[in-house]
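This report concerns the pockets and the strand pairing of a single protein chain. The sequence and the structure are shown first.

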Amino acid sequence: MAEGQGFVSLGTSGVLVAARDGYHPAPATALHTFCHAVPGTWYQMGVMLAATDSLNWLARITGAAPAELTAGLGEALQAPGAVRFLPYL
């Protein structure tokens, strides 16, 4: 519950939640800002409605298992490449 701590929940949709130490709305970013149950604490949340469903869709049309499709990603975080996929299926 400290500033900047958060979690990612992946399922049919994808949700990113981060704790904030105050009210910091950011309407231009499509993040939602909510009051937390803990006094003086807020959180911001972003949602994508087709997270793992997008991976499952790609698996179905390629015939590969989702684990096969993501195996080459490795453990290190990398900057995004030039290819974009907008998961509004």
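The text below treats the two largest pockets and then the pairing of strands. The model is predicted.

The table sets out the two pockets.

| Pocket | Volume | Nonpolar, polar and charged lining residues |
|---|---|---|
| Largest | about 610 Å³ | 11 nonpolar, four polar, one charged |
| Second largest | about 230 Å³ | eight nonpolar, three polar, no charged |

Sixteen residues line the largest pocket, and those nearest its centre are Leu55, Leu69, Thr70, Leu73 and Phe85. At least two lining residues come from each of helix H1 (52-62) and helix H2 (66-70). With four residues, H1 provides the largest share of this lining.

The lining of the second largest pocket consists of Val8, Ser9, Leu10, Gly14, Val15, Leu16, Met48, Ala50, Ala51, Thr52 and Pro87. Two or more of these residues are given by each of strand E1 (6-10) and strand E2 (14-20).

Strand E2 also takes part in strand pairing: E2 and strand E4 (residues 42-48) run antiparallel and are joined by seven bridges. Within this pair, Val17 lies opposite Met45 of E4. Strand E4 is joined as well to strand E3 (residues 32-35), again in an antiparallel arrangement, by four bridges. Here His32 has Met45 in E4 as its bridge partner. Met45 thus appears opposite Val17 and as the partner of His32. The connection between E3 and E4 is a hairpin with six residues between the strands, and Gly40 in the turn has a positive phi of about 75°.

Methods
Residues are numbered from 1 along each chain as its sequence is written. This is a predicted model: local features need pLDDT of at least 70, side-chain atom pairs count only at pLDDT 80 or more; totals for chains, interfaces and linings use all residues. Side-chain values use heavy atoms; hydrogens and water are left out. On a 1 Å grid over the protein atoms alone, a cavity is a set of points where a 1.4 Å probe fits but cannot get out, and a pocket is an open set with protein on both sides within 12 Å along at least five of seven lines; lining residues have an atom within 4 Å of a point. Grid points are joined across faces, edges and corners, and a volume is the space filled by probe spheres set on the points. Ala, Val, Leu, Ile, Met, Phe, Trp, Tyr, Cys and Pro count as nonpolar, Asp, Glu, Lys and Arg as charged, and the others, Gly among them, as polar. Two strands pair if DSSP finds at least two bridges between them.
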